[in-house]
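Student: I would like to go through this model term by term. For each label, please give me the value and the cut-off behind it.

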Amino acid sequence: CLRNAIRSPFFRPSLPVVIVENSDTCPVDKEGKRLLPDTSVWMADLAGSLSDVASRGRPYTYKTSMTRQPNNKFKWAVPLVAIAQYYFFMKVLVPILDDDKRVQEKVLVPILDDDKKVQEKYYFFMKVLVPILDDEKRVQEKAIAQYYFFMKVLVPILDDDKKVQEKAEDDSWDLKARNRRRLGIGPPLKPNRENAWRLEQIYEDD
């Protein structure tokens, strides 16, 4: 019925019509080939129709009369078009390009120069100043660490040593006083800071 509907009285195609079924729900035969509703294999029908068309057709013959001849009707206008293009380029495009170039030189060149100066300053800052600042920072950190070590470690040690020396000196003067009292002599005269400093200077000079 479908073939007869395709080949109706009002439409008869010159090529043969082949019905194709490619749905996943269509039935298949034992070999897995898809079947039409009338249980025929549409792949075999398609191959047969293609072979019939190929066997009935006449071989293609090349005819020189079928090629298109070049159109020479407006060939004389080619030089005029070339001259018009050259005139348009020289009189219209070149002035526009020159103006654009002048604008770029007037606007972009100062911007590029400023950008170059900024890059040079940045390079000088990164390559010269930053290492100097880093070295100075390391020196400051080292000085702070040394000051912290001196104040937190050495100063208490020196203070304790000074206290020990003062206590030892006081004990020495007490011992001298006891010995002098035992001998019936007056107590020794302990020099004050100024006299002690002068005596140290005299001993150091000698």
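Tutor: Start with what counts as an element: a helix is a DSSP run of H or I with at least four residues, and a strand is a run of E with at least two. On that basis the protein chain has four helices and zero strands. The model is a predicted one.

Student: What pattern does the protein chain follow along the sequence?

Tutor: Read in sequence order, the pattern is α-α-α-α.

Student: How do you know how far to trust helix α1 and α3?

Tutor: By pLDDT, the predictor's confidence on a scale from 0 to 100. Confidence is lowest in helix α1 (residues 2-6), with a mean of 53, and highest in α3, with a mean of 85. For the protein chain the mean pLDDT is 78, and 77% of the residues reach 70 or more. Where pLDDT is low, the predicted coordinates should not be read in detail.

Student: Why is the pair Lys33 and Glu31 called a salt bridge?

Tutor: The term requires a side-chain nitrogen of Lys or Arg within 4 Å of a carboxyl oxygen of Asp or Glu. For Lys33 and Glu31 the N to O distance is 3.5 Å, so the pair meets the 4 Å cut-off. The structure holds four salt bridges.

Student: What makes Glu31 exposed or buried?

Tutor: Exposed means over 50% relative accessible area, and buried means under 20%. Glu31 has 63%, so Glu31 counts as exposed. Its partner Lys33 has 41% and therefore counts as partly exposed.

Student: Which salt bridges lie in helix α3?

Tutor: Among them are Arg102 with Asp99 and Asp135 with Arg138. The closest N and O atoms are 2.0 Å apart for Arg102 and Asp99, and 2.1 Å apart for Asp135 and Arg138. Both values fall within 4 Å, so both pairs qualify. In the first pair the residues are three apart, about one turn of the helix, and the spacing of Asp135 and Arg138 is also three residues.

Student: How do you know how Asp99, Asp135 and Arg138 are classed by accessibility?

Tutor: Partly exposed covers the range between 20% and 50%. Asp99 is at 39%, Asp135 at 37% and Arg138 at 49%, so each of them is classed as partly exposed.

Student: What makes the nonpolar surface patch that includes Leu93?

Tutor: Members need over 30% relative accessible area and no salt bridge, with nonpolar side chains joined within 5 Å. Leu93 lies in helix α3 and is partly exposed at 34%, so Leu93 passes the 30% cut-off. The patch measures about 750 Å² and is made by Tyr86, Phe88, Phe89, Met90, Val92, Leu93, Ile96 and Leu97.

Student: Where does α3 bend?

Tutor: At Leu154, by about 35°. The bend is the angle between axes fitted to the seven residues ending at a position and the seven starting there. A proline, Pro156, follows within four residues. After α3 comes Gly184, with a positive phi near 80°.

Student: Why is Thr39 called exposed?

Tutor: Thr39 has a relative accessible area of 62%, which is over 50%, so the label is exposed. Thr39 sits in the loop between α1 and α2 (42-56).

Student: How many of the residues in the protein chain are buried?

Tutor: Buried residues are 5% of the 206. The chain exposes about 19100 Å², with carbon and sulfur atoms supplying 61% of that area.

Key: Residues numbered from 1 in each chain as written. Heavy atoms only, no water. Buried < 20%, exposed > 50% of the residue type's maximum accessible area, 1.4 Å probe, protein only. Patch = residues over 30% accessible without salt bridge, like charges linked within 9 Å, V, L, I, M, F, W, Y side chains within 5 Å. Areas by Shrake-Rupley, 256 points an atom, 1.4 Å probe, with all protein chains shown as cover.
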